[in-house]
Amino acid sequence: MNPTAPPAPATAGTDRVNRTIIEGAIGSLMVVFGSLGVGWLASVSPLNRLELLISLRTTEWGVITTTAVMTLGCWVLFRAWLRLGQKLEGWPEGSLRTVWKACLAWGVPLLACVPIFSRDVFAYIGQGRLVAAGHDPYQQGISTVANWFQLGTDTMWAESTTPYGVLFLDVEHLVMLIAGEDPDLAIFLFRLVAFAGVLLCLLYVPKLASLHGVNGARAAWITVANPLFLISFIASAHNDSLMTGLAVAGTYYAATGRGIRGVLLVTASMGIKPITLVLLPFIGLLWAGPGASWARRFRYWFYTAGIGLGSMVLIGYLNGYALGWLEVMLTTGTGYSVYSPLGVLIGFFYGTLGPLGVDTSWVLPTLKLIGRLGSVAVVLFLMFKGSHGHLIQRTVLAFAALVVLSPIIHPWYLLWLLPFFAASGIRSDWQIVWVYFTVAFFIAYGVADQLFVWQFLSHLKPWLQNLATALSWLFIAYLVFIDPGTRRIFVDFWRSLRLPERAGLRKRAG
């Protein structure tokens, strides 16, 4: 035996983990390839003239193949994520380094992805051009500037005002000053901005977790290595990534006594999307510290509001937008999602009252108002009730109330919450299985919902959506019932549910 050789078990374990990381990287590359055929491109993009993309995007075999490859790539990445968590079970020393390696190996290829799961990045392009033209995106839609449709923006944005913060308008403006009229360069630059948010989460989620005695590597694995997180925040280039990263960083600094830095970072997060305004009262409580009297809490709420809201108001007026960001935050959202709790209720009323000839125009605005009032009530309750030791949990529950009680819930909205839930502790029971289920649901929804197909192939789109859905269900069934590695997760979970029942039967029999 060679005395200088590393121990065989450690080497074997490292090799097994590396194989899983490679598996995920292959899945990520499959997603990139699939996006070439059914991802979103601006019609003026030079990429449309590449021979390979012409073949993939304008032929039946091309869109069918790329839909299948992209869908399977998402599930290969999902499997690698599950297996990485299994192989790092116990989370020994060095696990965080492994999670970093996995996140980079799976996330970096997505920088080359054609936008999938969402086309909001094209709205960023249009709004950046609006700012460059001297218009106010809080007052005017993207159709104000010429050639907006050719640059890929969805028609829903034509007359819609921006829902984003004053700082992100500056980011959009800067990107378009650099990119000019090149939509592909603009998308890449916006994706780098989103990638910065991913890195912030990767850096600060473990730090925040350590304050709760939660393993940082596991929290980072749940959050950042998560395939829905990587696809939604890198491949889709959502600004929510930077918003979330800044919010997590700010919460960490506030929780460690560096209140001014924490407030400024959360304010910057509000400058990306004003929704994180809900975090400010809890940042004030963190800054006030444990055991703070009510007088001290109110004083630090005053400091927090003064710095946070004062900065937003000042930046808004300096940029010439005044309080447009606040008006947008209070009035944005006109539709509903069929899978949101309020959306289910809205759909029920539409479906039952409409056929009876009953007026339903009141349904959406009324339930939307009820949801908002309910979320405000939850936030106020959590501000005043609860221990300092559970302050992060109170923070994320308040944030969750705004999301869950909204009629519109996009998949990436749930990713706003996940870092805080993971950092404050997600148990290895039904809680982590619920995370698996939620991620799987929204991956299956995303691959079928957001497929670009040229009009002359539009007859194929329903078929492609059914193909993506069928492949998703088949792969989920494979992971749950057949795969020798991943099925253990669900078998063990089922057994854990059966154990109390069996114990009760034995007790009654005795």
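## Lining of the second largest pocket

By class, the residues that line the second largest pocket comprise 21 nonpolar, 7 polar and 1 charged, in what is a predicted model. The lining is made up of 29 residues in total, and those nearest the centre of the pocket are L414, L417, F421, W434 and T438. The space that lies in this second largest pocket amounts to about 790 Å³.

Three elements give two or more residues to the lining of the second largest pocket, namely α17 (391-404), α18 (411-424) and α19 (430-449). Of the lining, the largest share comes from α19, which provides 9 residues.

## Packing of α10 against α11

Elsewhere in the sequence, helix α10 (residues 240-255) and helix α11 (residues 259-272) have axes that come within 7 Å of each other and cross at roughly 165°. Because an angle over 145 degrees counts as roughly antiparallel, α10 and α11 are roughly antiparallel to each other. The crossing in which α10 passes α11 is left-handed.

## Residues at the helix contact

On the α10 side, the contact with α11 is formed by L242, M243, L246, A247, A249, G250, T251, Y253 and A254. These residues meet G259, R261, G262, L265, V266, A268, S269 and I272 on the α11 side. Sorted by class, the contact of α10 with α11 has 11 nonpolar, 5 polar and 1 charged residues.

Definitions and conventions. Residues are numbered from 1 along each chain as its sequence is written. This is a predicted model: local features need pLDDT of at least 70, side-chain atom pairs count only at pLDDT 80 or more; totals for chains, interfaces and linings use all residues. Side-chain values use heavy atoms; hydrogens and water are left out. Axes are lines fitted to C-alpha atoms, for helices over the stretch in contact, and angles run from 0 to 180 degrees between N-to-C directions. Helices (H or I, at least four residues) and strands (E, at least two) are DSSP runs, numbered from the N terminus. Angles under 35 degrees count as roughly parallel, over 145 as roughly antiparallel, 65 to 115 as roughly perpendicular and the rest as oblique. A crossing is left-handed if the near helix is turned anticlockwise from the far one by less than a right angle, and right-handed if clockwise. Contact means heavy atoms within 4.5 Å. Ala, Val, Leu, Ile, Met, Phe, Trp, Tyr, Cys and Pro count as nonpolar, Asp, Glu, Lys and Arg as charged, and the others, Gly among them, as polar. On a 1 Å grid over the protein atoms alone, a cavity is a set of points where a 1.4 Å probe fits but cannot get out, and a pocket is an open set with protein on both sides within 12 Å along at least five of seven lines; lining residues have an atom within 4 Å of a point. Grid points are joined across faces, edges and corners, and a volume is the space filled by probe spheres set on the points.
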